[in-house]
There are 2 protein chains.
Amino acid sequence: MNYTNSDVPSGKCSVCVLGQFCLPVGISPSDIAKIDTLVKERVHLQKGESLYRHGDPLSAVYSIRFGTLKTEYGLEDGRQQVIGFHLPGEILGLDGIGDGSYQSEAIALEESEVCIIRYEAFEDLARQIPELQKQFHRILSRELTQDQRHLLSLGSLRAEERLASFLLNLSQRLAARGYLNNEFDLRMSRVEIGSYLGIQIETVSRMLSRFAESGLIQIKQRHIKLIDVDGLYQLAGIQNPERTVQIKPCVS
Amino acid sequence: MNYTNSDVPSGKCSVCVLGQFCLPVGISPSDIAKIDTLVKERVHLQKGESLYRHGDPLSAVYSIRFGTLKTEYGLEDGRQQVIGFHLPGEILGLDGIGDGSYQSEAIALEESEVCIIRYEAFEDLARQIPELQKQFHRILSRELTQDQRHLLSLGSLRAEERLASFLLNLSQRLAARGYLNNEFDLRMSRVEIGSYLGIQIETVSRMLSRFAESGLIQIKQRHIKLIDVDGLYQLAGIQNPERTVQIKPCVS
DNA sequence: CGTCTTGTTGAGCGCGATCAATGACGGTGG
DNA sequence: CCACCGTCATTGATCGCGCTCAACAAGACG
């Protein structure tokens with residue numbers, strides 16, 4: 001783990017391109033300057049490095065500047081469950097607030113960098129800036145919703161449907177960040193996808209091949225291209241939200 | 001749904017026996033008095049009634065005074081996943097904060113009563129009482145941890161293990177509230193347990209019968225008695241936390 | 001008492017797990 | 001540069017846990 005204490009412009013929230021997805025949503029420039037004083041340090045992680053481990057005392061929460069991380073939750077017997085994959089602008093370490101120590105482990109899937117948000121100081125600042133408090137609550141709440149969708153997937157969907165909704169969820173989140181969303185690289189291995197979806201890697205592989213055969217996607221190793229997005233939505237058991245938006249104006 | 005606007009003593013947080021599990025943890029009596037002015041209304045629910053539905057605009061979060069509720073998350077095609085079972089002192093409706101409308105539906109499993117916590121006013125108060133803010137964040141964070149355990153269960157455990165850890169989790173939460181924790185009534189149907197655990201009701205039934213045969217539990221309809229708690233922990237793939245506590249002093 | 005809902009138990013099947021072999025890269029050293 | 005190796009992914013063959021379908025039992029309720 002490589003700590004960087006940086007006062008260069010790119011280290012400040014006020015000029016960070018992720019402002020619209022990260023903590024500073026809906027906050028006035030003068031208040032963002034206050035956040036700048038709070039978020040001064042960053043951590044640089046190589047692929048495979050841990051940001052925090054289960055049981056580490058909570059001192060900070062983290063926002064991803066670039067890169068991808070996974071969080072996983074382990075059993076005494078060694079079995080591990082991947083809980084989430086995390087993209088730039090997302091906040092990590094929130095499960096440490098409850099009991100003062102992280103419950104999961106966060107590991108970089110590629111070279112990544114995260115901003116350190118000292119938690120004590122952050123809570124103080126959130127009390128001073130109502131919009132910051134609101135945004136933090138929104139982030140926590142959306143994290144809950146994301147986990148609930150994940151629970152629905154593991155509890156009620158078949159392997160095929162889980163994989164389809166996983167790909168679509170990833171695509172949506174990439175799109176929200178302005179990345180190319182119908183063609184991207186999977187930063188996680190088949191093992192990690194399988195763990196996340198509660199299925200075996202052979203099943204992941206087979207389903208991806210089947211999707212490709214059906215003309216829903218193209219896949220070469222970890223590079224994936226979504227061809228028939230509507231078809232994927234149909235498979236996932238949910239409607240394409242973009243379609244819903246397109247149709248609404250016509251009926252109302 | 002039956003609204004009650006009550007100024008009787010029992011309606012106040014300051015005298016509520018749930019204070020130690022609910023919002024007012026770690027808050028001074030004078031500050032609890034402020035919470036009293038916020039939490040004046042309650043809702044009385046009959047079995048089967050909804051507290052809120054998916055899409056309802058968020059106006060409040062709720063704390064359970066008595067009774068049990070389930071939250072579930074639905075798919076367009078009708079499939080539903082039970083996300084959680086909720087006991088007195090727990091906060092409901094947190095998934096509505098993210099986008100201003102509830103993402104799940106909360107339904108009473110028995111006659112229940114919840115306190116209405118107007119959300120706007122609550123956020124204001126949380127800014128004035130640092131300990132209230134801290135406690136709220138702890139509650140949100142623990143909710144995340146609970147969901148993560150649930151994900152581990154659905155993603156990595158076999159049916160038998162899921163059921164064992166479900167029973168133990170319920171038992172722990174009942175114990176924390178001072179209820180009898182080795183003998184209690186399941187407030188939820190087999191269908192609801194099955195949905196929660198991502199297995200079919202026949203499997204729930206069979207596993208319970210098997211547990212009873214093995215002498216781990218006694219069960220008659222919805223009344224359950226845990227006989228061999230350590231055995232259940234072993235089945236669930238986790239260690240009995242009470243044992244860990246007992247052993248620790250010896251080795252250190 | 002019959003009816004309806006909820007839970008239990010049995011029999012057979014199928015989805016996805018498991019075991020196994022092969023293929024595709026990427027890195028490393030000769 | 002290619003040969004070698006380790007890791008990761010794909011594909012096939014077989015197995016088994018849990019699903020599905022079905023019949024029956026036990027309460028709950030009018």
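**Exercise 1.** Find which side chains meet in a salt bridge with an N to O distance of 3.0 Å, and place that pair in the interface of chain A and chain B.

*Solution.* Start with the rule: a salt bridge is a side-chain nitrogen of Lys or Arg within 4 Å of a carboxyl oxygen of Asp or Glu. Glu123(B) and Lys134(A) form such a pair, at 3.0 Å. Next, count across the interface: the rule finds 7 salt bridges. Before going on, note that this is a predicted model, in which local features need pLDDT of at least 70, side-chain atom pairs count only at pLDDT 80 or more, and totals for chains, interfaces and linings use all residues. Residues are numbered from 1 along each chain as its sequence is written, chains are lettered from A and ligands numbered from 1 in the order in which they are written, and side-chain values use heavy atoms, leaving out hydrogens and water.

**Exercise 2.** Work out how much area chain A and chain B bury between them.

*Solution.* Buried area is the accessible area (1.4 Å probe) that two parts lose on being put together, summed over both. Here that comes to about 4,600 Å², with 56% on carbon and sulfur atoms. Within chain A, Arg127(A), Leu144(A) and Leu151(A) lose the most area to chain B, together 15% of what that side buries.

**Exercise 3.** Identify the residues that come nearest to DNA strand D.

*Solution.* Count a residue as near if one of its heavy atoms lies within 4 Å of the strand. Of the 15 residues around it, Arg190(A), Ser205(A), Ser209(A), Ala159(B) and Thr203(B) come nearest. Sugar and phosphate make up 67% of the strand D atoms within 4 Å of the protein.
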